[in-house]
Amino acid sequence: MTAVISKKPAGAAMARGGALLRAREMGIGIALVLVIALTTLFNHSFLSASSVQQLLTGASIFALLGVGETLVIITRNVDLSVGSVVGLSAYVVGNTFVNHPQMPIIFGFVIGILVGAVVGAVNGLITTVTKVPSLVVTLAALYIVRGIDALIVNGKRIDPGSVPSGFQTIGYYNVFGVPLLFIIVAVVVAIAGYAMRSFRSSRELYAIGSNPDAAGLAGIPTGRRVFTAFLVSGSLAGLGGALFLAEYATVDSTGGTGYEFLVVAAVVVGGVAIFGGSGTILGAALGALLLNTINQSLGSLKVSPFWNQAVAGALLLVAIAFDRWLSLRVARSLKSEQGAHRDV
Amino acid sequence: MEPLLVLDHATKSFGPVRALENGSVTLYPGEAHALLGENGAGKSTLVKILAGVHRQDSGDLTIAGELVNFSGPAASKAAGVSIIYQEPTLFPDLTVAENIFMGRQPLRGGRRIDRGAMNKAATAVFSRLGVDLDPERLAKGLSVADQQIVEIAKALSLDAKVLVMDEPTAALTQVEVQRLFDVMKTLRSQGAAVMFISHRLEEVFASCQRVTIMRDGNFVSTAPIEDLTIDDIIRSMVGRNLESLFPKTITEPGKVVLEVEHLTSAGVFTDISFQVRRGEIVALAGLVGAGRSEVARAIFGIDPYDSGVVTINGKVLHRNAPRESMAAGIALVPEDRRQQGLVMDLSIDQNVALASLSRLSKGGLISRSSERNLALDWAQRLQLRYGKMRNPVATLSGGNQQKVVLGKWLARNPSLLIIDEPTRGIDVGTKAEVHRILDGLVAEGMAILMISSELPEVLGMADRVLVIREGRLSANMSRAEADEDSVMRAATLQSTESIV
Amino acid sequence: MSDIVATPVLKKSPNGAVPPSERLSLRSAVRWESGLIVVLIAALWFGFAQPNFASGTTVFFMGYNMGEIAIMALPLMLIVMIGEIDLSVASMLGLSGTLMGLLFQDGWNIYLAMLAALVVGALGGALNGVLIAKLGLPSIAVTIGTLGLFRGLAEPLLGANSVSNFPASLTKIGAAGVFGTHFSFSTVVFVVLAIIFGVVLHATPFGRSLFAIGLQSEAARFSGIRVDRIKFWLYVLSGVLCAFAGILFSLKNASARYDQGTGLELNVVAVVLFGGVSIFGGRGTVFGVVLSVLIFGTLQSAMTIINIDPQIQNIIIGVLLLISVIIPNGGEALRRIRARTRRSV
């Protein structure tokens, strides 16, 4: 009898494919609400319009980078070069505006995306052709790109005066009270989230990360898909660089330093399995929002901003430990379910 | 009738190694065709050529009258060839339906995946198979049998012209095997050809019309099944008579070396009790996945267990402590030689020495000369055929690799040797040698617990036969009591019947 | 698979039978190190072409620049040997120096402050070890997490401040060599440690078991090697030695800051992989890592003499890192490309 009963919870937990993931997104949502509620309790201005706008703006670039990082991590790879790409792209875009002040704003974005796409393509090419772990490839890229950035910057900086005001507007304009920056990123997240669910090629990304050998046997063009993931990640980081310039209107050779760490943390906290195969774009974006909200909440509680990185690191560790615990629990209940099944 | 698939004199080498000398097979629409041969006969290589994973060096592959040249697995799939591998190749993080339709999910409105239609289609395939699986559950956590069913559903949904099944029944119960045969029948009636690879000859006789036999990478013969007997098939596969394979000296068993009492690990095995004495070989028989290897791993301490007692030479062992088990005199020659038995890139002598390093050290440093001498000594005793001791063990043939594993453990002079699938993937000549070694060890007073899926090996070598079925001990027979029928019955009988 | 192995031909002709990834043997390791020697000679030749390179000062500054990196590379090498990674090394260097500085500032005896920093190093390493060895979490994710965590813990300790009034008797390691030579203190420490690591890795049962774990951890476990325990202690060792490197780093600069050594994990990983330690585990020699340290040191000194910006030096380090992982895999990649073009014909 007990056998039959014990079968239920495990079966239910596993029954619906997306249930676990959706649970994760719910979890982050709840955590968000809790953080905001608690902070507001101590500091009433935390929920003011300007503070919320700040929350959304602050999370935007990380969420955008998180989209690309999610694609890469889902294929069982990692892209550590995103922070350097942000810095390089921001400076190159700014420098182009310095040299061509009359250039239409849209070209700023195109140039940013192109810069990122080049780095992403190189990362993807080396990873897929030589089969070298992407950890090492993109770690090297992190420093090489930053070095190239330093070469180009050569000690200078882009000042707000040389960034077209139209371009800067994007960084602070609000549409009916919602930051434009956030809207842009939300559109990207929505498109990417939709694509990851609805297209064959994007489902193949999940298949590759879930079981690379089986993906090969199933005839999936593994190399091409992984390359595309890196390309997208690089391109979005390039776009992120342009948005970085729009938001801050100034950049030197250190722009975006350390972002790779915060992005990986946000994505993993958002429920994207570091060993590939599962996770959603929405989860990653929510992870970025949660991380940023916690940071700002600490700030508004007069906790030194120096704690931000420690919090992100700790959250990352807690998230992977929690995922592990969850999967062990599910595995155990499945095991006893099968044992019970045998006994019937 | 025109053949559906013809592979004619295919060859395939890996570097200087010829894995396939002459791979030839012809499949007609509507037939179930068995491909038989020992491990190492070249079956897997042939299957991988059909799958588009490997490309033959020479020889033609014709499908439905057209010469084809597969550029990869996708091309093979597109040509209507569907493969079910021994190890299921599912994506654990995706749903069952998505596993079935990966890369060809039903679409709507252009390029969007139509999940509703996909799930419906999966359900339809399952109902054709007569199984009840939720298409929306994740593949993660499916039993091996259910995974195999998803693989079959995949092949079925492809409307494959040629279905190749590489030992699909290894992990299935009798009922599931029967269902699989029904599916084969359905496919055949629709004009497909099924190629069936199995080590269980009775299944071949129950389901196939023609048989192709391979040996040492070569085509031996193709014949209608009714023209053959089991003995004929075995003789063609092995290339000589069987008797000499199993030298057996009957000795009087001595005192109890290993005593296992009520060993239980939830969901894996339950209430296992038995003894092994000095000077006897006790065989642990049963189907793959019945829990035999898991019992061995628990005794040795690789895996934990929930309850029960393991005693060796009167000493009770702690759980999960391989070093303690080793010190107490247990040796384990594991099932998977390449992953568990050997470190393939280390040299022959380093592998032999790996379990005896502290004994070979002076002042904390490994003595290279004692290491070498130990390896040379065992190489000679076990008649190892090798090039240089410094070569990676990966350069040896399967049989000689197995001898290295044996040497590694015998060098510790254990009182109990647990050996899991002693001759899997070993050429016939070395097989007999391994058996002779085991026989000699028992004669010298060692206790051996042998796990084997090969019935002739169990019957030929064992003094006593234990059978495990679905995690429980279902029979304990003397050498005299055990025969093919009684062991298979104990291994496969459905639990509902045994309760009565 | 078994089909391939059991074919009798194999007995005579070993090589091509094994997949290329498994084929790198001792011989190729030796070849890698011969290559390193050639590169070292080239680097020295490049160095001597620079003015004022051939001097005791250069020897001292090589140790000054490379010492901590070299010390951290040794435990990381063992971790990479068993197929794992530790990206938190530089953050631990920052945390330990910061902690020592803070405690010293609060009036602690400097040696007690050092001890506390080492203990924190051990604890930090143990945290990595528990998460990776006991919980079985992927070391990439864990050490990216502790990379942030350790640095993030150091940050609020000192904020934007620095501690700089360390006893002159200790900070002199940053000004001159020891025992009247041109060898920096960290150089001496590295040499001693390298000898110990070399003996342990290449001549003891423990060292042998590291190779076994890295090549086939399952087989190691089945041979009675306590894989999890070894993994745990290697991370503790890494934590302690990185903390020690952090102490040296603060003392030689006569200043402890939370952001000291930021990004050094690149240099440490690069030194290890360029030294011929396989990123997939199971292959590498201490000798190779020592050669790699010398090469990096020579290049860095030469580049500093001719005033190349450190950020730009990073480009060269990054490229060397890429080279050291691509070359061992390059042959196979070429073969794959060739096979593909042949297929499409």
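Colleague: Two strands pair if DSSP finds at least two bridges between them. With that in mind, how many bridges join strand β18 of chain B to β21(B)?

Modeller: This is a predicted model, to say that early. In it, β18 (residues 330-333) of chain B is joined to β21(B) by 4 bridges, and the two strands run parallel. As an example of the pairing, Leu332(B) has Ile418(B) as its bridge partner in β21(B).

Colleague: And which way do β21(B) and β22 of chain B pair?

Modeller: β21(B) pairs with β22 (residues 447-451) of chain B in the parallel sense, over 5 bridges. Ile419(B) has Met450(B) as its bridge partner in β22(B).

Colleague: Is β21(B) mostly covered or exposed?

Modeller: Mostly covered. Strand β21 of chain B spans residues 416-420, and 5 of its 5 residues are buried.

Colleague: Which residues point one way from β21(B), and which the other way?

Modeller: Leu416(B), Ile418(B) and Asp420(B) point one way. Leu417(B) and Ile419(B) point the other way, and the residues of both groups are buried.

Colleague: What is the order of the strands in that open sheet of chain B?

Modeller: The order is β18-β21-β22-β15-β23-β24, which makes 6 strands in chain B with mixed pairing. At the edges stand β18 and β24 (472-478) of chain B; each has a single partner strand, so one side of each has no neighbour in the sheet. From one strand to the next, the twist averages 15°.

Colleague: How many bridges are there between β15 and β22(B)?

Modeller: There are 4, and β15 (residues 281-285) of chain B pairs with β22(B) in the parallel sense. Opposite Leu284(B) stands Ile451(B) in β22(B).

Colleague: Which helix packs on the sheet, and what does it touch?

Modeller: Helix α17 (residues 484-492) of chain B packs on it, touching β15, β23 (464-469) and β24 of chain B. The direction of α17(B) makes about 25° with that of β23(B).

Colleague: Backbone angles next. What is phi for Asp216(B)?

Modeller: It is near 50°, a positive value in a residue other than glycine. Asp216(B) lies in the loop between β11 (210-215) and β12 (218-224) of chain B.

Colleague: Why does Asp216(B) count as buried?

Modeller: Because Asp216(B) has 20 C-beta neighbours inside 10 Å, and a residue is buried if 20 or more other C-beta atoms lie within 10 Å of its own.

Colleague: Where is His262(B) placed, then?

Modeller: His262(B) is in strand β13 (residues 256-265) of chain B. Its phi is positive too, about 50°, although His262(B) is not a glycine. His262(B) counts as exposed, because it has 11 C-beta neighbours inside 10 Å.

Colleague: Different topic. How many residues does the contact take from chain B and from chain A?

Modeller: It takes 30 from chain B and 30 from chain A. On the side of chain B that touches chain A, the elements giving two or more residues are α2 (73-78) and β8 (112-113) of chain B. α2(B) gives the most, with 3 residues. The residues on that side of chain B divide into 11 nonpolar, 9 polar and 10 charged.

Colleague: Now chain C. How many helices and strands does its secondary structure come to?

Modeller: Chain C has 14 helices and 0 strands. Chain C has 345 residues, and 56% of them count as buried. Among contacts in chain C with a separation of 6 or more, 80% are between residues 24 or more positions apart.

Colleague: How many Å does helix α5 of chain C reach from its first C-alpha to its last?

Modeller: It reaches 35 Å, close to the 36 Å expected at 1.5 Å a residue. α5(C) has 25 residues, 110-134. Gly136(C) follows α5(C), with a positive phi near 70°.

Colleague: What about confidence? Over which residues does pLDDT stay under 50 in chain C?

Modeller: Over residues 1-27 of chain C, for which the model has 66 contacts beyond four places in sequence. Where pLDDT is low, the predicted coordinates should not be read in detail. For chain C the mean pLDDT is 84, and 87% of the residues reach 70 or more.

Colleague: And what is the mean pLDDT of chain B?

Modeller: It is 86, with 94% of the residues of chain B at 70 or more. Residues 494-500 of chain B stay under 50, and the model has 5 contacts beyond four places in sequence for them.

Colleague: Last one: what ipTM and pTM does the predictor give the complex?

Modeller: An ipTM of 0.82 and a pTM of 0.84.

How values were computed
Residues numbered from 1 in each chain as written. Chains lettered and ligands numbered in written order. Predicted model: local features only at pLDDT ≥ 70, side-chain atom pairs only at ≥ 80, totals over all residues. Contact = placed C-beta atoms within 7 Å. Nonpolar A, V, L, I, M, F, W, Y, C, P; charged D, E, K, R; others polar. pLDDT = per-residue confidence, 0-100. Buried ≥ 20, exposed ≤ 12 C-beta atoms within 10 Å, placed from the backbone. Expected span 1.5 Å × (residues − 1). Axes fitted to C-alpha atoms, helices over the stretch in contact; angles between N-to-C directions.
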